[in-house]
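Student: Please take a close look at one part of this model, the nonpolar core. Start with the overall layout, then work inward and finish at the surface.

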Amino acid sequence: MGIAWGECVIIDLPDLDGVQIVWHSAYAAYLLIDSWPVDHGRAYGAAINACADAVVGTRTGEHARIAFIAAINEAEVEMLA
């Protein structure tokens with residue numbers, strides 16, 4: 001799963017019950033692939049790559065977190081924190 005992010009990201013995805021609290025790149029990648037409301041976009045692709053890279057240790061978790069937030073904004077997903 002990798003090292004926890006320094007700060008979590010809390011989002012509300014329409015297809016899932018309740019908010020999702022994301023602390024790790026692996027969970028962010030899972031949400032992007034399995035439950036994301038769109039399956040395209042520049043930020044979406046970059047976030048999947050950044051999260052995968054963070055899981056294997058070639059990028060930092062913070063880099064993945066920033067890319068994940070960009071995908072959130074691109075998809076207009078509600079971010080609570």
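**The core and its surroundings**

Tutor: The protein has three helices and three strands. Both kinds of element are DSSP runs numbered from the N terminus (helices H or I, at least four residues; strands E, at least two). Along the sequence the pattern reads β-β-α-α-α-β. The model is predicted, so local features need pLDDT of at least 70 and side-chain atom pairs pLDDT 80 or more, while totals for chains, interfaces and linings use all residues. Residues are numbered from 1 along each chain as its sequence is written, and side-chain values use heavy atoms, with hydrogens and water left out.

Overall dimensions come next. The C-alpha trace spans about 30 × 25 × 20 Å along its principal axes. The radius of gyration is 11 Å, which agrees with the value near 12 Å for a compact globule of 81 residues. That radius is taken over C-alpha atoms, and the globule rule is 2.2 Å times the number of residues to the power 0.38. Of the 81 residues, 40% count as buried. Buried means under 20% relative accessible area, exposed over 50%, and partly exposed in between (1.4 Å probe, protein chains only). Among contacts with a separation of 6 or more, 48% join residues 24 or more positions apart; a contact is heavy atoms within 4.5 Å.

Now the core itself. The largest nonpolar core holds 24 residues. Such a core is a set of buried Ala, Val, Leu, Ile, Met, Phe, Trp, Tyr and Cys residues joined through side-chain atoms within 4.5 Å. Val9, Ile11, Leu32, Trp36 and Phe68 have the most contacts inside this core. Strand S1 (9-12) and helices H1 (25-34), H2 (42-56) and H3 (61-75) each give two or more residues to it. H3 gives the most, with seven.

Take Val9. Beyond four places in sequence, Val9 touches Gln20, Ile21, Val22, Arg65, Phe68, Ile69, Ile72, Met79 and Ala81. Cys8 is found in the segment before S1. Cys8 is buried, at 14% relative accessible area. With the same four-place exclusion, Cys8 touches Ile21, Val22, Trp23, Arg65 and Ala81.

Ser25 gives a view from helix H1. Ser25 counts as buried because its relative accessibility is 5%. Leaving aside neighbours within four places, Ser25 is in contact with Trp5, Cys51, Ala54, Val55, Gly61 and Ala64.

Then the outside. The protein exposes about 4,600 Å², and carbon and sulfur atoms supply 54% of it. Areas follow the Shrake-Rupley method with a 1.4 Å probe; for residues, only the protein chains shown count as cover. Val19, Ile21, Trp23 and Leu80 make a nonpolar surface patch of about 370 Å². Patch residues have over 30% relative accessible area and no salt bridge; like charges are joined within 9 Å, nonpolar side chains (Val, Leu, Ile, Met, Phe, Trp, Tyr) within 5 Å. A salt bridge puts a side-chain nitrogen of Lys or Arg within 4 Å of a carboxyl oxygen of Asp or Glu.

Val19 lies in the loop between S1 and strand S2 (20-22). Val19 counts as partly exposed because its relative accessibility is 42%. Its C-alpha atom is separated by 12 Å from that of Cys8, eleven residues apart along the chain.

One last site is Glu76, in the loop between H3 and strand S3 (78-79). Glu76 is exposed, at 73% relative accessible area. Its phi is near 55 degrees, a positive value in a residue other than glycine. Most residues other than glycine have a negative phi.
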